[in-house]
Each structure stands twice: as structure tokens, then as C-alpha cells.
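Hi everyone, thanks for coming. I'd like to walk you through a structure that may be new to you, so let's bring it up on the screen.

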Amino acid sequence: MNSILCIGAGYVGGPTMAVIADQCPHLRVCVVDINADRISAWNSDSLPIYEPELDEVVKRTRGRNLFFSTDIDGEIRKADIIFVSVNTPTKTFGHGAGMASDLQYWEKTARQILANSDRSKIIVEKSTLPVRTAAAMERILNSGENGIQFQVLSNPEFLAEGTAIQDLINPDRVLIGGQETEQGRNAVQALVDIYANWVADEKILRTNVWSAELSKLAANAFLAQRISSINAISALCEATEADVDEVSRAIGLDSRIGPKFLKASVGFGGSCFKKDILNLVYLCGHYGLKEVADYWHQVVAMNDFQTDRFVDNILKQMFNTVAGKKITLFGFAFKANTGDTRESPAIKVAKNLLTEQACVWVSDPKALNNAKQDLRDLAVHLESDPYVAATGSHAIAVMTEWQTYRTLDYQRIYDSMEKPAFIFDGRNILNHRELFNLGFNVFPIGKPGLTHF
Ligand code: NAD
Ligand code: UDX
């Protein structure tokens with residue numbers, strides 16, 4: 001077993017394979033994609049995604065035992081193990097539109113693997129997929145007339161963007177689901193042997209395929225549910241003058257609850273949470289579990305409410321009109337330390353403010369290229385320098401918890417702004433009392449506002 005292929009060179013495929021290549025110098029690792037621009041970026045000095053430490057890992061491994069290519073057919077022929085990490089977005093058409101997973105990319109991959117294989121291979125689901133997708137895949141793959149048998153494993157990825165490399169090097173667990181047959185167990189062992197190069201055995205969990213597939217959806221649903229829960233409480237804090245950070249700390253110190261994922265915000269974003277919960281909701285509906293579907297759907301509904309509430313508050317505090325006022329968003333990425341903007345709450349905030357005829361400026365250290373795409377055809381201004389972006393603004397809205405926004409010279413920013421100057425802190429990362437003392441009217445999430453009028 002010495003040749004590994006990954007189909008899909010995205011946020012998961014690229015970093016995951018770079019780490020496998022780094023940890024397993026004896027293996028040849030190749031990543032392929034239909035997107036030739038993406039592959040040439042992976043082969044250049046300017047990688048297609050920003051992720052801390054990724055440049056260094058790729059520099060160490062590329063050309064040694066890590067390769068990026070567009071020759072999908074040729075690389076399938078060479079590979080012993082094929083990871084599939086293509087995108088599985090929410091379906092936008094037909095049955096299940098807006099809820100179910102769009103499996104067309106995944107299925108095309110299965111057919112391409114079948115067409116280009118002349119020996120048995122292990123296929124690893126890395127993409128997040130609905131429960132029982134592996135069964136459908138196995139049916140397609142084993143439909144060939146040449147008697148080749150494929151084993152399909154589920155090995156969902158739990159990395160979070162912004163910490164992907166560290167998450168891959170030190171995972172909480174690696175989950176591998178396989179068939180409970182001799183061939184299934186052998187395939188699981190082959191994959192365990194790869195991870196065992198750097199992950200302790202007690203962290204490698206072996207389950208059946210369906211548990212592995214469902215665990216991934218359940219983990220994301222549980223994480224998102226915690227954020228929606230604290231965001232729901234943040235609305236109540238604003239109504240009662242409680243402070244959501246104090247509540248969060250108080251409940252998080254209960255060891256049964258724990259402190260993580262209890263940070264109130266303008267809403268969760270990212271390509272995974274919403275998509276995976278909607279997929280879970282769709283699956284529950286499919287199996288006739290309406291109450292279970294409704295329960296999880298509320299996590300997404302609460303998140304939408306939180307982002308809408310944030311814009312409503314900007315409007316309300318700025319005397320019920322932002323028409324013609326310059327509002328600057330600090331941050332556009334869905335979280336810090338990534339350039340990814342998929343499902344970023346900042347997209348909705350920008351669009352809602354434009355609907356109110358505000359003059360919207362966007363600043364971000366890494367996400368302006370993606371912002372340009374998200375906001376194409378809209379009259380927004382993109383500016384990487386936060387001081388330039390803030391000049392002449394009536395308000396600043398913090399959308400992303402970038403470290404750099406915590407340490408700006410807010411006196412300088414205040415002096416350059418229109419008065420009264422407003423700050424809406426959608427991440428609760430700034431020192432609100434200090435900003436108030438500088439003259440700002442400050443509106444955090446889930447805390448009383450600090451106003452001079
Ligand atoms: P992505 O869109 O960044 O990358 C997917 C890549 O697959 C794209 O470059 C696309 O061109 C390529 N592709 C699509 N069809 C192809 C085909 N037939 N042949 C070759 N390449 C093809 O997506 P991503 O963020 O890397 O996510 C991939 C999967 O991993 C999804 O199922 C996602 O839910 C899951 N996941 C993502 C994250 C994350 O943080 N982004 C974390 C865990 C799991
Ligand atoms: C998530 C899961 O964490 C990861 O395990 C899975 O593999 C992919 O989906 P990701 O979306 O990259 O990862 O980032 P994550 O750190 O989970 O943040 C998601 C969103 O929730 C971000 O918008 C973040 O700002 C927000 N968030 C997170 C909060 O608003 N409050 C919190 O306490 C934590």
C-alpha cells in the first residue's frame with residue numbers, strides 16, 4: 001500500500017493530504033481536481049487557500065511525495081487508496097432543494113473511479129455525506145463487469161478552518177467506519193496503518209459505516225446547537241441587562257457543560273454547519289421523524305434570527321435610518337485565520353445594509369478576494385487597510401474576530417469618523433468601556449449598549 005490519491009483539492013483535500021504526506025514520507029500522495037486553476041495555485045507560491053502553517057507543510061512535501069495534478073484518470077489508475085473529498089453542497093434544485101445534499105459530484109467521482117480501475121481499491125469517504133451514502137457508492141463501484149471489488153470506508157474529517165493543520169496533526173479522534181466483513185476489516189486496517197504513523201491508537205475509533213457517517217453530521221449539529229443556544233440567551237441578555245459573556249463563563253465552568261463553543265456572535269457561518277444540519281433535517285424527514293427534524297431545524301432558524309437581529313439593531317440605534325451613511329465591516333471571513341467566506345454572516349449583513357441604502361465598506365486581512373465574488377455586482381468598497389476603510393464612517397461593525405482588530409488605534413479611528421460614531425461588536429472582542437471613553441457609542445452582542453445620548 002504505497003500510493004494515495006485524493007479527489008478534490010479544496011479546504012479539506014489540500015491540507016489533509018499535505019499532512020499525510022508530511023507524516024508519511026514513505027507514501028506517494030497525489031491530489032487531483034477538475035479545477036485546473038486550483039491545481040496550478042497548489043503548485044505555485046500562492047496557495048489557493050489561507051491556513052496557518054499550510055505553506056510550510058506544502059513547501060516541505062511538494063515534489064517530494066506530495067503532488068497536485070489534473071490527470072484524474074491517470075492518478076486513479078496508480079492509486080491503492082482513494083480519498084474522495086469533493087464538495088457536497090446543499091441541493092438547489094428538484095427534490096429536497098434547500099435541504100438535501102447535492103451528491104452529483106460525489107457520484108461522478110464514483111463512476112470515474114470505476115471506469116479507470118483495473119484492480120481492487122479502497123475508497124474513503126472524506127466528504128460529509130448523508131447516512132447510507134457508502135451503500136449507494138458501493139453499489140455503483142461494484143457494478144463493473146470485470147469482477148473488481150471496492151471497499152468503501154467512511155472517514156469523516158473534523159478539522160476546523162483556521163486551525164486545520166494543528167487539528168490534523170493532533171486530532172481529538174480519527175473515525176473510521178467499515179463493513180463488518182473480513183474484507184471490510186482489512187480495508188479499515190489499511191487506513192488505520194496510515195494514521196498510526198502519527199496518531200495514537202486509542203484515538204483511532206473503528207465503527208460501522210453508518211455510525212461514522214452519522215457521527216459527522218451529529219458532531220456538527222451539536223457544535224452549532226451550542227452556538228445557537230448561547231445566541232438565544234444573548235437576545236435575552238440584551239432585554240434584561242445581563243451580560244452574555246458572564247453567563248457563558250458561569251455555565252461553561254460547569255464541567256458537564258464545558259467552556260467551548262459558547263461565544264455569542266453575529267451568527268455562525270462556514271460551509272459546514274448550515275449545510276450539514278439541513279442535511280440532517282432532511283434525513284430525519286425522510287425517515288418520518290418530523291419532531292426530530294423540527295428540533296434541529298431550529299438551530300439554523302435561531303442563527304438566521306441572530307444575524308437579522310444584528311442588522312435590525314444597527315438600524316434602530318442609528319435613528320432608524322442608515323441611508324447614505326458609511327458603514328464599515330471589520331472582517332468578512334466567517335471566522336478568524338481563514339480567507340473563507342462561505343456562509344459568512346458578513347454577507348447577509350452587507351446585503352441587508354445595502355437594502356437599507358447604506359454605503360458599505362468591507363475590510364479583511366485575507367478574505368477580500370472571496371468578498372469580491374460574494375458581493376459582485378453590488379456597490380460595496382473593499383479596502384484592506386482598516387484605518388482607510390473606517391475614515392469618514394458613521395459606524396463600524398465587527399464581523400470577524402481577527403486578532404488585528406483588537407489592537408487597532410481606536411483613538412485614531414474615532415478621530416477620522418463622522419459623529420456620533422458607532423461600533424457594533426458582532427464578536428465581543430473589543431474593550432467596550434475603553435471605546436465608550438473615547439467617545440464611541442458601543443453596542444456589543446448580549447450586553448447593554450454604552451451610549452452618550
Ligand atoms: P471545496 O469546495 O473547497 O473543495 C472541493 C473540491 O472538489 C473543489 O476544488 C472541486 O473543484 C472539486 N471537485 C468537485 N467535483 C470533482 C470531480 N468530479 N473530480 C475532481 N474534483 C472535483 O470543499 P471542502 O471545503 O474541501 O469540502 C469538501 C468536503 O469535506 C465537503 O463534503 C465538506 O462538507 C467536508 N468538510 C469540510 C470541512 C471544511 O472545513 N471546509 C471540514 C470537514 C468536512
Ligand atoms: C466546523 C467544525 O468545528 C469542524 O469540526 C468541522 O469539521 C467543520 O465545521 P469550521 O466551520 O471550519 O468547523 O469552524 P468553527 O470553528 O466550527 O466555526 C464555525 C462558525 O461558528 C464560525 O462562524 C465561528 O465564528 C462560529 N462560532 C464558533 C461562534 O459564533 N461561537 C463559538 O463559540 C464558536
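**Two ligands, three domains**

Let me begin with ligand 1: helix H5, residues 104-115, gives the most to the shell around it, with 3 residues. Please keep in mind that what you see is a predicted model.

Staying with ligand 1, there are 27 residues around it, and the nearest are Gly8, Gly10, Val12, Ser127 and Thr128. Sorted by class, the shell around ligand 1 holds 11 nonpolar, 11 polar and 5 charged residues.

Now let's step back to the whole chain. Here we have domain 1 at 3-199, domain 2 at 217-303 and domain 3 at 310-444.

On to ligand 2. Which residues are the closest to ligand 2? They are Lys263, Ser265, Phe268, Gly270 and Cys272, out of 19 that surround this ligand. Helix H9, residues 209-240, makes the largest share of the shell around ligand 2, again with 3 residues. And where do the shell residues of ligand 2 come from, in terms of domains? Domain 1 and domain 2 each supply at least three of them. By class, the shell around ligand 2 splits into 11 nonpolar, 4 polar and 4 charged residues.

Finally, a look at domain 1 and domain 3. Their centres, taken over C-alpha atoms, are 37 Å apart. The two domains do touch: 7 residues of domain 1 are in contact with 7 residues of domain 3. On the domain 1 side of that contact, you'll find 4 nonpolar, 1 polar and 2 charged residues.

That's my tour, and I'm happy to go back to any part of it.

Key:
Residues are numbered from 1 along each chain as its sequence is written. Chains are lettered from A and ligands numbered from 1 in the order in which they are written. This is a predicted model: local features need pLDDT of at least 70, side-chain atom pairs count only at pLDDT 80 or more; totals for chains, interfaces and linings use all residues. Domain bounds come from an automatic or database domain assignment. Ala, Val, Leu, Ile, Met, Phe, Trp, Tyr, Cys and Pro count as nonpolar, Asp, Glu, Lys and Arg as charged, and the others, Gly among them, as polar. A residue is near a molecule or strand if its C-beta atom, placed from the backbone, lies within 6 Å of it. Helices (H or I, at least four residues) and strands (E, at least two) are DSSP runs, numbered from the N terminus.
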